[in-house]
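Here is a short report for a reader new to this structure. Take a look at the model before reading on.

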Amino acid sequence: MNRFKRDQQAISAFLRSGALAPALLKEAEQLRAAAAAAAPRSATNRGTRLADSYKAETTQSPLSPGGQARDIGRVYNDAPHALAVEFGHRSKAGNPVPGAHTLGKLIRSKSKRRRRRK
């Protein structure tokens, strides 16, 4: 009986080939849509601007410093106040305002669903 041998060079070449980019973009788009739906909204215009500022893209980046670049899907928000809303900040009066952690919550829920499927 033949044993399976993993070809690390072939796997590495596949991950850098660009063949995964469409699937990664589809996953990133789903996460972007979920983040926009879950984004906190306020009575001012800033609430909708935050939700509308989520973007999804594919690019190449190393997974570890100095590692080889491979295809990744990325979701980000380019609104000026996105970091303050995501991670928290202090109000003008100096009171702490907790972060919404929108992307963090979505990532955790997605990984829990994957673990349940196995």
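In β2, Q60 has D71 as its bridge partner. That bridge belongs to a ladder: strand β1 (residues 54-62) and strand β2 (residues 69-77) pair in the antiparallel sense over nine bridges. Six residues lie between the two strands of this hairpin. Among them is G66, with a positive phi near 80°.

This is a predicted model. The protein chain has five helices and four strands. Along the sequence they follow the pattern α-α-α-β-β-α-β-β-α. Of its 118 residues, 22% count as buried. The accessible surface of the chain comes to about 8900 Å². Carbon and sulfur atoms hold 55% of that surface. Among contacts with a separation of 6 or more, 47% join residues 24 or more positions apart.

**Helix α2**

Helix α2 spans residues 21-38, which makes 18 residues. From first C-alpha to last, α2 reaches 25 Å, close to the 26 Å expected at 1.5 Å a residue. Where do the buried residues of α2 sit, seen down its axis? The buried residues are A21, A28, L31, A35 and A36. They fall within an arc of 135°, so they line one face of the helix. On the other side of α2, P22, K26 and A37 are exposed.

Two residues of α2 can be followed out to distant parts of the sequence. P22 lies in α2. Its relative accessibility is 58%, so P22 counts as exposed, the cut-off being over 50%. A38 is also placed in α2. At 45% relative accessibility, A38 counts as partly exposed. The table gives the partner of each residue, with C-alpha to C-alpha distances.

| Pair | Apart in sequence | Apart in space (C-alpha to C-alpha) |
|---|---|---|
| P22 and D71 | 49 residues | 10.0 Å |
| A38 and T102 | 64 residues | 6.7 Å |

D71, the partner of P22 in the table, is the residue that bridges to Q60.

**The nonpolar core**

In soluble globular proteins, nonpolar side chains tend to be buried together. Here the largest nonpolar core has 14 residues. Which of its residues touch the most other members? They are A35, A39, L50, Y54, V75 and L103. The elements that give two or more residues to this core are α2, α3 (46-52), β1 and α5. Helix α2 gives the largest share, four residues.

L103 shows how parts of the chain meet. Leaving aside neighbours within four places in sequence, L103 is in contact with A35, Y54, V75 and E86. Of these contacts, A35, Y54 and V75 are also listed with L103 among the core residues that touch the most other members.

**The loop before α5**

One more residue deserves a look. H101 is found in the loop between β4 (96-98) and α5 (102-117). H101 has a positive phi of about 50°, although it is not a glycine. Is H101 buried or exposed, or in between? Its relative accessible area is 33%, so H101 is partly exposed.

**In brief**

Helix α2 has its buried residues on one face and gives the largest share of the core. Strands β1 and β2 pair in the antiparallel sense. L103 touches A35 and Y54, among others.

Methods: Residues are numbered from 1 along each chain as its sequence is written. This is a predicted model: local features need pLDDT of at least 70, side-chain atom pairs count only at pLDDT 80 or more; totals for chains, interfaces and linings use all residues. Side-chain values use heavy atoms; hydrogens and water are left out. The expected span of a helix is 1.5 Å times one less than its number of residues. Buried means under 20% relative accessible area, exposed over 50%, partly exposed in between (1.4 Å probe, protein chains only). The arc is that of the directions from the helix axis to the C-beta atoms. Contact means heavy atoms within 4.5 Å. Accessible areas come from the Shrake-Rupley method with a 1.4 Å probe; for residues, only the protein chains shown count as cover. Two strands pair if DSSP finds at least two bridges between them. A nonpolar core is a set of buried Ala, Val, Leu, Ile, Met, Phe, Trp, Tyr and Cys residues joined through side-chain atoms within 4.5 Å.
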